[in-house]
Amino acid sequence: MAASPLAGFPFLKMNGLGNEILVMDLRGRDHIITPAEARAIAADPRSRFDQLMALHDSPSAAAFMRIYNNDGSASAACGNGTRCVAWAIGRDGGPDRVRLETSAGALEAQRVGEARYTVDMGPPRFDWRDIPLAHAVADPDAIAVDLPGWTAPGPASALGMGNPHLVCFVPDQQSYDLASQGPALERHPLFPQRTNVSFAQVLDRDHILLRVWERGAGPTLACGTAACATAVAAMRRGLADREAAIDLPGGQLTIAWRETDGHVLMTGPTELEWEGRLPDDFAAEPAPGVA
Ligand SMILES: N[C@@H](CCC[C@H](N)C(=O)O)C(=O)O
């Protein structure tokens with residue numbers, strides 16, 4: 001079998017509030033990581049990740065980011081991963097301000113402290129085609145999500161942050177079981193591309209507790225886009241002010257929804273855990289039908 005172009009390839013193992021991020025810089029190369037390769041990388045404890053951020057050349061930004069979940073599926077947005085990429089590009093005397101692209105649009109990241117970044121995550125999306133939903137809904141903040149054997153505590157919110165989100169507001173987030181309700185809600189028929197699922201408990205107008213079941217990755221210690229979606233949904237319901245602290249199992253993000261242009265600003269830390277290389281004999285499972 002021919003050697004994989006990823007054999008021995010270097011990576012940064014990082015995290016954003018415990019959300020496990022792998023950064024691989026493929027700029028100047030023409031290899032696009034396949035879903036099978038992403039799964040194989042995630043399955044190795046030395047390169048495990050919730051999300052893999054693969055950097056590619058961009059004519060108008062420092063990099064174009066292809067984002068993979070650990071089940072091999074793609075996403076067009078990852079808040080914690082975007083901060084990690086900004087750190088990776090900005091380290092060793094690189095720029096403090098970085099423009100990055102995804103298939104959902106351009107994002108600007110600004111260093112605001114030691115390994116700490118604010119990312120302009122762009123505007124939230126409420127049109128059913130942009131989230132996307134399977135069909136038009138009368139009110140994206142009044143989504144009924146009862147499941148067989150489970151009654152939702154009230155209507156949920158559906159919105160997009162470049163990726164789909166379902167936000168369920170609950171009186172006590174600890175009493176909701178991510179492991180059983182998460183997978184079912186991720187595949188709710190209203191979401192043709194599946195969805196990230198948030199259980200949010202509003203403590204105060206500027207303070208929200210959040211746990212997230214991520215599309216394609218399951219429960220993670222933090223999800224930046226879910227924090228953005230939750231803050232916006234709470235603000236639209238009149239439950240929170242324009243800036244709020246979101247507490248996730250891995251720590252705190254600050255989310256502001258700017259009135260002047262409707263963009264969402266996410267601020268939080270990054271951490272480098274180790275630098276590594278894929279094995280020299282790296283190989284992914286073959287594509288179906290390929291011997
Ligand atoms: N952890 C991320 C979101 C990653 C993508 C998500 N699971 C999806 O499939 O949309 C974040 O920090 O935003």
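Here is a short walk through this protein, from its overall build to two annotated cysteines.

Start with the whole chain, keeping in mind that this is a predicted model. As you turn it around, look for four helices and 17 strands. The radius of gyration is 19 Å, close to the 19 Å that the globule rule gives for 291 residues, so the protein is as compact as a globular protein of that length. Its C-alpha trace spans about 55 × 45 × 30 Å along the principal axes. Of the 291 residues, 45% count as buried. The chain also brings distant parts of the sequence into contact: among contacts between residues at least 6 apart in sequence, 66% join residues at least 24 apart.

Now zoom in on two positions, Cys 78 and Cys 223, which an unreviewed UniProt entry marks as "active site". They are spread over 146 residues of sequence, yet they cluster in space, with a largest C-alpha distance of 7.6 Å.

Let's visit Cys 78. You will find it in the loop between β5 (74–75) and α2 (79–90). Is Cys 78 buried or exposed? Cys 78 counts as buried, because it has 30 C-beta neighbours inside 10 Å, and 20 are enough for that label. Setting aside residues up to four places away in sequence, Cys 78 touches Gln 51, Met 53, Ile 67, Gly 224 and Thr 225.

Cys 223 also sits in a loop, this one between β13 (218–220) and α4 (224–236). With 36 other C-beta atoms within 10 Å, Cys 223 is buried. Beyond its neighbours within four places in sequence, Cys 223 has contacts that include Asn 19, Asn 80 and Asn 196, and Val 212 and Glu 214 are among them too.

Key: Residues are numbered from 1 along each chain as its sequence is written. This is a predicted model: local features need pLDDT of at least 70, side-chain atom pairs count only at pLDDT 80 or more; totals for chains, interfaces and linings use all residues. UniProt positions are given in the numbering used here, feature names are shortened, and annotations may be inferred rather than shown by experiment. Helices (H or I, at least four residues) and strands (E, at least two) are DSSP runs, numbered from the N terminus. A residue is buried if 20 or more other C-beta atoms lie within 10 Å of its own, exposed if 12 or fewer, and partly exposed in between; C-beta atoms are placed from the backbone. Two residues are in contact if their C-beta atoms, placed from the backbone, lie within 7 Å. The radius of gyration is taken over C-alpha atoms; the globule rule is 2.2 Å times the number of residues to the power 0.38.
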